[in-house]
Amino acid sequence: MKFDIDFNVSYIKEKIENLAKFTDPNIPFTRIVFSEQFYDARNWLKKEFNSLNLEVSTDNAGNLIGSLKSNIKTEKVVILGSHIDTVPSGGRYDGIAGIVSSLCVMKHIIENDISLPFNLSIYDYLGEELNDWSISCVGSRGIAGLLTEEILNRQNSVGQVLKDEINKIGGNTKFLDKPLSIAKNIIACLELHIEQGKILEQKKINIGVVRSIPSISRFNVKVIGQAGHSGTILMDQRADALVASSEIITFVNKLALRLSQESNQHFVSTIGKITVSPNAAAIIPGKVEMTIDLRSSSKSSREQYIKELEEKIELMNKTGTCKIDMNNIAYAPFVEMDKELVKLFKDSANSCGLTNQIMDSGAGHDTAQLSRLVPAAMIFIPCKEGLSHCPEEHAEILDISKGTAVLLKMVENLAMLNRA
Ligand code: GLV
Ligand code: MN
Ligand code: MN
């Protein structure tokens with residue numbers, strides 16, 4: 001089967017440029033889930049689905065779906081998917097590359113009249129990025145029955161309830177107490193994504209076949225001190241919440257560095273969100289809230305990290321002037337991709353004549369949530385200098401195109417395996 005790479009390149013380029021236009025104009029590229037730009041981009045995607053004559057729907061978890069029915073009668077489905085939402089001031093490829101390559105595969109299958117023994121669907125998984133409700137992968141968790149009442153009832157910083165937003169976009173949260181019924185019919189969930197790291201670019205390898213995705217834990221830390229006049233309260237009489245927080249930030253950074261060296265597995269931790277109150281030059285900081293993000297492929301290193309961090313906070317509470325509270329607000333376990341799909345992805349890359357290597361993901365993905373319940377796997381393509389979650393994020397269209405060829409080959413291989 002010939003796959004026209006030239007045509008592919010211009011199609012992919014055009015669609016990526018189209019999606020990049022849906023951004024908060026003051027902070028490119030920002031398309032936060034449920035924002036006006038997100039709704040606009042979803043309407044654009046619906047039109048793309050319509051122009052391919054796909055059946056368009058939104059499932060109970062708020063995922064937007066474009067489906068091609070098999071011409072044999074079957075409930076079985078192969079899902080191609082990723083996400084169109086971004087982080088604040090994010091990039092043009094994270095998630096988007098996967099959506100556009102899925103459109104490209106679908107278009108190729110339709111135009112070449114390739115018959116499949118399963119239905120083929122494209123999913124824009126709702127809200128993959130961490131949001132103001134402190135949860136990521138909303139739609140994929142919904143498919144796998146992992147959106148608890150507690151998560152659905154969370155309020156964001158302006159008092160909006162998560163489940164109301166899911167319902168507004170077309171979901172139905174009444175039915176999210178168990179996996180969606182589609183789950184039992186899923187043959188495979190496949191995702192193409194930019195690597196968001198430097199390995200493929202540095203080694204000049206076309207395709208990363210993902211073997212595992214690390215656990216993600218997030219902790220909210222509240223540091224309560226005492227606000228006061230910055231000119232009058234003497235240095236030895238202060239309870240400065242920001243000074244105490246900076247001790248925690250440094251501690252976390254050193255601890256993660258040590259454990260990453262000791263464990264030899266993926267292990268990183270970041271404090272990337274912090275609010276200081278009242279945040280004024282002439283006032284001693286009275287309160288700080290920050291979020292710790294921890295990614296680990298090693299269970300024992302994760303446990304060691306939490307133990308040492310809790311001990312540090314206990315010690316600071318006993319001996320310091322501030323009161324510190326730490327709460328676990330999110331957890332997604334370490335997962336391995338479906339082994340047969342990993343092998344098939346590798347075979348697909350080989351038969352496309354593309355260099356490839358098995359690798360572990362550093363970032364979280366919808367595929368991680370899905371693989372907790374159904375067969376799922378993903379591939380990476382290189383991105384420039386590993387930059388991601390920033391406007392400089394860049395992937396060569398030709399590299400996306402090569403990944404698209406692998407995705408198509410994968411669908412063809414699954415078709416061969418599933419033919420009666
Ligand atoms: C997803 O983008 C993540 O935070 O890993
Ligand atoms: Mn992503
Ligand atoms: Mn992301």
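A residue counts as buried when its relative accessible area is under 20% and as exposed when that area is over 50%. These legends apply this cut-off to a predicted model.

**Figure 1. Overall view of the predicted protein model.** The protein has 420 residues, and its secondary structure comprises twelve helices and 15 strands. Its radius of gyration is 23 Å, which agrees with the value near 22 Å expected for a compact globule of 420 residues. Taken along the principal axes, the C-alpha atoms occupy a box of roughly 80 × 45 × 40 Å. Buried residues account for 56% of the 420 residues. Among contacts with a sequence separation of 6 or more, 79% are between residues 24 or more positions apart. The accessible surface is about 18,700 Å², and carbon and sulfur atoms contribute 52% of it. There are 46 positive and 51 negative side chains, and the centres of these two sets lie 2 Å apart.

**Figure 2. Close-up of the manganese ion (ligand 3) and its donors.** Coordination is provided by Asp94 through OD, by Glu129 through two OE entries and by His389 through NE2, at 2.0 to 2.7 Å. The donor residues follow the sequence spacing D-x34-E-x259-H. Asp94 is placed in the loop between strand S3 (77–82) and helix H3 (96–111), and Glu129 in the loop between strand S4 (119–124) and helix H4 (138–143), so this pair ties together parts that are 35 residues apart in sequence. Asp94 has a relative accessible area of 5% and is therefore buried under the cut-off of 20%. Glu129, with a relative accessible area of 6%, is likewise buried.

**Figure 3. Close-up of the manganese ion (ligand 2) and the bridging residue Asp94.** The donors to the manganese ion (ligand 2) are NE2 of His83, OD of Asp94 and NE2 of His193, at 2.0 to 2.2 Å. Their spacing along the sequence is H-x10-D-x98-H. His83 lies in the loop between S3 and H3, whereas His193 belongs to strand S5 (residues 186–194); the pair links distant parts of the chain, 110 residues apart. Both histidines, His83 and His193, are buried. The manganese ion (ligand 2) and the manganese ion (ligand 3) are separated by 3.6 Å, and Asp94 coordinates both.

**Figure 4. Close-up of two cis peptide bonds, Pro28–Phe29 and Ser277–Pro278.** The peptide bond joining Pro28 and Phe29 is cis, with omega at about -5°. Phe29 is located in the loop between helix H1 (5–20) and H2. The bond joining Ser277 and Pro278 is also cis, with omega at about 0°. Pro278 is found in the loop between strand S9 (267–277) and strand S10 (283–284).

**Figure 5. Close-up of Cys137 and Asn264, two non-glycine residues with positive phi.** Cys137 has a phi of about 55°. The loop between S4 and H4 contains Cys137, and this residue counts as buried at 3% relative accessibility. The phi of Asn264 is near 65°. Asn264 sits in the loop between helix H8 (241–263) and S9, and at 72% relative accessibility it counts as exposed.

**Figure 6. Close-up of Ser215 and its contacts.** Ser215 is part of strand S7 (residues 215–224). The relative accessible area of Ser215 is 3%, and the residue is buried. With neighbours within four places in sequence left aside, Ser215 is in contact with Leu294, Arg295, Ser296, Arg302, Tyr331, Ala332, Pro333 and Phe334.

**Figure 7. Close-up of Asn53 and Leu68.** Asn53 occupies the loop between helix H2 (36–51) and strand S1 (55–58). With a relative accessibility of 70%, Asn53 counts as exposed. The C-alpha atoms of Asn53 and Leu68 are 8.0 Å apart in space, and the two residues are 15 residues apart in sequence.

Note on methods:
Residues numbered from 1 in each chain as written. Chains lettered and ligands numbered in written order. Heavy atoms only, no water. Donors = N, O, S within 2.8 Å, 3.2 Å for Na, K, Ca; no water. Helix = DSSP H or I, 4+ residues; strand = E, 2+ residues; numbered from the N terminus. Buried < 20%, exposed > 50% of the residue type's maximum accessible area, 1.4 Å probe, protein only. Rg over C-alpha atoms; globule rule 2.2 N^0.38 Å. Contact = heavy atoms within 4.5 Å. Areas by Shrake-Rupley, 256 points an atom, 1.4 Å probe, with all protein chains shown as cover. Lys, Arg positive; Asp, Glu negative; His and termini not counted. Charge placed at Lys NZ, Arg CZ, Asp CG, Glu CD.
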